[in-house]
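Hi,

Here is the model I said I would pass on. Have a look at it first, and then read my notes underneath.

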Amino acid sequence: QVQLVESGGGLVQAGGSLRLSCAATGRTFSTSAMGWFRQAPGKEREFVAVVTWNDVKYYADFVKGRFTVSRDNAKNTVYLQMNSLKPEDTAGYYCAAGSRGGFPKYEYDYWGQGTQVTVSS
């Protein structure tokens, strides 16, 4: 069993930065792929980034060069550094843990409750 708790969301102006954190409990964190997803009102959830257990990373095209995913296995935490934020990045951001499937499209078994990111123009 893995429990995930996101934090770090908030209101920021366009061009600004935020760093999201996702703290995990459970013994499988270090062997899990950790993904970030987002969902805006009225839209489907979309993939943002993933970092594998051995620190291989993959990003959605719309965040390449702006967002960076990282993990600290000693702290059971995964991060999403978001720079050059745009109003269209406004969404609830969710982290997820999974170990099934294959890179980069893992199947995620555990999800956090999400943290809201709002980017004003």
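Let's start with strand β7, residues 67-72, where the side chains alternate. F67, V69 and R71 point to one face and are buried, while T68, S70 and D72 point to the other face and are not. That is the textbook pattern: in a regular strand, side chains alternate between the two faces of the sheet. Do bear in mind that this is a predicted model.

β7 pairs with β8 (residues 77-82) in the antiparallel sense, over 6 bridges. If you want a landmark in that pairing, V69 sits opposite L80 of β8. The hairpin these two strands make has 4 residues between the strands, and N76 takes a positive phi there, near 50°.

Two more hairpins are worth a look. β4 and β5 pair in the antiparallel sense over 5 bridges, with R38 having E46 in β5 as its bridge partner. There are 6 residues between the strands in this hairpin, and G42 has a positive phi near 80°. Next along, β5 and β6 are also antiparallel, over 3 bridges, and V50 stands opposite Y58 in β6. Their hairpin has 5 residues between the strands, with D55 in the turn at a positive phi of about 70°.

Y58 comes up again on the surface, where V56, Y58 and F103 make a nonpolar patch of about 250 Å². V56 belongs to the loop between β5 (46-51) and β6 (57-59). Its relative accessible area is 36%, so V56 counts as partly exposed.

Now the disulfide. What does the structure hold in the way of disulfides? The count is 1, formed by C22 and C95, with the sulfur atoms 1.9 Å apart. The torsion about the S-S bond is about 55°, so this disulfide is right-handed. The pair links distant parts of the chain: C22 is in strand β3 and C95 in strand β9 (residues 91-98), 73 residues apart. Are the two cysteines buried or exposed? C22 is buried, at 0% relative accessible area, and C95 is buried at 0% as well.

The charged side chains were the part I spent longest on. The count comes to 6 salt bridges. Take D89 as the way in. R38 forms a salt bridge with D89, the closest N and O atoms being 2.9 Å apart. R38 lies in strand β4 and D89 in the loop between β8 and β9, so the pair ties together parts that are 51 residues apart in sequence. Both R38 and D89 are buried.

D89 also meets R66 in a salt bridge, at 2.7 Å from N to O. Here R66 is in the loop between β6 and β7, so with D89 in the β8-β9 loop the pair ties together parts that are 23 residues apart in sequence. Both D89 and R66 are buried too.

Another salt bridge joins R100 and E107, whose closest N and O atoms are 2.5 Å apart. These two are partly exposed: R100 has 39% relative accessibility and E107 has 40%. Going back to the other group, salt bridges that share partners join R38, E46, R66 and D89 into one network. You may remember R38 and E46 as the bridge partners from the β4-β5 pairing.

Finally, two loop residues. N83 lies in the loop between β8 and β9 and is partly exposed, with a relative accessible area of 30%. Which residues does N83 contact, leaving aside neighbours within four places in sequence? They are G16, S17, R66 and F67. R66 is the salt-bridge partner of D89, and F67 is one of the buried side chains of β7. N83 and L20 are 63 residues apart in sequence and 11 Å apart in space, C-alpha to C-alpha.

The other is S32, in the loop between β3 (18-25) and β4 (33-39). With a relative accessibility of 5%, S32 counts as buried. Not counting residues up to four places away in sequence, S32 touches V51, T52, W53, R71, A97 and G98. R71 in that list is another of the buried side chains of β7.

Cheers

Methods:
Residues numbered from 1 in each chain as written. Heavy atoms only, no water. Buried < 20%, exposed > 50% of the residue type's maximum accessible area, 1.4 Å probe, protein only. Pairing = 2+ DSSP bridges. Patch = residues over 30% accessible without salt bridge, like charges linked within 9 Å, V, L, I, M, F, W, Y side chains within 5 Å. Areas by Shrake-Rupley, 256 points an atom, 1.4 Å probe, with all protein chains shown as cover. Salt bridge = Lys/Arg side-chain N within 4 Å of Asp/Glu carboxyl O. Contact = heavy atoms within 4.5 Å. Disulfide = S-S within 2.5 Å.
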